[in-house]
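Here are my notes on the model you sent over. Have it open while you read, and start with the residue in the first point.

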Amino acid sequence: VNTMPKTSIIITFIKNEELSHLLRTLHSIIQRTPVKLLEEIILINDNSHKGETTSIQYSMKPAFVFCSPTIPLGMQRARLSGFKLARGEVIVPMDSHMEVQEGWLEPLLDVIQQDPRTLASSYLDWMHIDENDSWTYKHGPSTWKTYFEWNFDFGFQDSNKEDIEARQNDVTAPVVSPMCIGSNWAMRKDVFEEIGAFDEQMKAWGGENIDLALRVWRCGGRVLNIPCSHAAHLEQSG
Ligand SMILES: [Mn+2]
């Protein structure tokens, strides 16, 4: 941990995100991320009505950076504005309805340290709220890869035979993936900028992860899914 790069986590919300969901995300980050590795949490309130982020009173360690654009930017440009503000060596975009798990960040930084041109993704678990406001948590598998089709549909598929064989002796081994998920990936900020960051014309989410992963691979990098890193996503929030 002492030699690992510091991370800026960028959380945007563009809809009527429940404040309790955002608080769950923040609490899990603060409790499960070593202080030495957390440069800051950047919150971007992009035209959200319910999320009164300015009412969140935390001590300033870790530092929170609040940003409320004067006009709605859309998810991708809001994230991009957060990346530009980031002071950490590594950036991680995160949804505002997540719960990171114990030890989620260190394995991502480990593979980035081994090869700085790595984009490293967490594996996802699922949270669900039923009609009685009861939460369930479902642990997701640590084997899938992500892919895209020629119509730019994005999907998940099981590891192939070669992957499974390669991981027989070490279930913690990273899974090489064609694509990456849209959030909860980690990458060096300088490498992200060097390969072109995000297209400023992309407003909404969806497709930017395909664009990014293609550029990572085309620019000498690699996309890895990391079985030791898990974060849960609240299903019904998009
Ligand atoms: Mn989401």
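1. Start at Ala186. This is a predicted model, and in it Ala186 has 25 other C-beta atoms within 10 Å, so this residue counts as buried. For that label the cut-off is 20 or more. Ala186 belongs to strand E11, which covers residues 185-188.

2. What does Ala186 touch, once residues up to four places away in sequence are left out? The list is Thr7, Val90, Val92, Leu108, Leu109, Ile112 and Ala120. For a distance to check on screen, try Leu234: it sits 48 residues from Ala186 along the chain, and the two C-alpha atoms are 20 Å apart.

3. Now the core. The largest nonpolar core has 47 residues, and Ile10 and Ala186 are the members that touch the most others in it. Strand E12 (residues 222-234) supplies the largest share of this core, with 5 residues. As background, nonpolar side chains in soluble globular proteins tend to be buried together.

4. Ile10 deserves its own look. Beyond its neighbours within four places in sequence, Ile10 contacts Ile42, Ile44, Arg79, Gly82, Phe83 and Ala86, and also Ile91, Val92, Pro93 and Met94. Val92 is on the contact list of Ala186 too.

5. Strand E4 (residues 90-94) is my favourite piece. Which way do its side chains point? Val90, Val92 and Met94 go one way, Ile91 and Pro93 go the other, and all of them are buried. With 5 of its 5 residues buried, E4 is largely enclosed by the rest of the structure.

6. E4 has partners to look at. Strand E1 (residues 7-13) runs parallel to E4 and is joined to it by 5 bridges; one pairing to find is Ile11 with Met94. E11 runs antiparallel to E4, with 2 bridges between them, and there Val90 has Arg188 as its bridge partner.

7. Helix H2 (residues 75-85) comes next. Its buried residues are Met75, Gln76, Arg77, Ala78, Arg79, Leu80 and Gly82. What do they pack against? The answer is E1, E4, strand E2 (38-45), strand E3 (63-67) and helix H6 (208-218). Arg79 and Gly82 also appear among the contacts of Ile10.

8. Two backbone angles I'd flag. Most residues other than glycine have a negative phi. Phe152, which is not a glycine, has a positive phi of about 70°, and Asn184, also not a glycine, has a positive value near 60°.

9. Are those two residues buried or exposed? Phe152, in the loop between strand E8 (145-148) and strand E9 (154-157), has 10 C-beta neighbours inside 10 Å and so counts as exposed. Asn184 is in the loop between strand E10 (175-176) and E11; with 25 C-beta neighbours inside 10 Å, this residue counts as buried.

10. Last, the overall picture. The protein has 6 helices and 12 strands. Its radius of gyration is 17 Å, close to the 18 Å that the globule rule gives for 238 residues, so the protein is as compact as a globular protein of that length. Its C-alpha atoms fill a box of roughly 50 × 45 × 45 Å along the principal axes. Buried residues are 38% of the 238. Of the contacts with a separation of 6 or more, 78% are between residues 24 or more positions apart.

Methods: Residues numbered from 1 in each chain as written. Predicted model: local features only at pLDDT ≥ 70, side-chain atom pairs only at ≥ 80, totals over all residues. Buried ≥ 20, exposed ≤ 12 C-beta atoms within 10 Å, placed from the backbone. Helix = DSSP H or I, 4+ residues; strand = E, 2+ residues; numbered from the N terminus. Pairing = 2+ DSSP bridges. Contact = placed C-beta atoms within 7 Å. Core = buried A, V, L, I, M, F, W, Y, C linked by C-beta atoms within 7 Å. Rg over C-alpha atoms; globule rule 2.2 N^0.38 Å.
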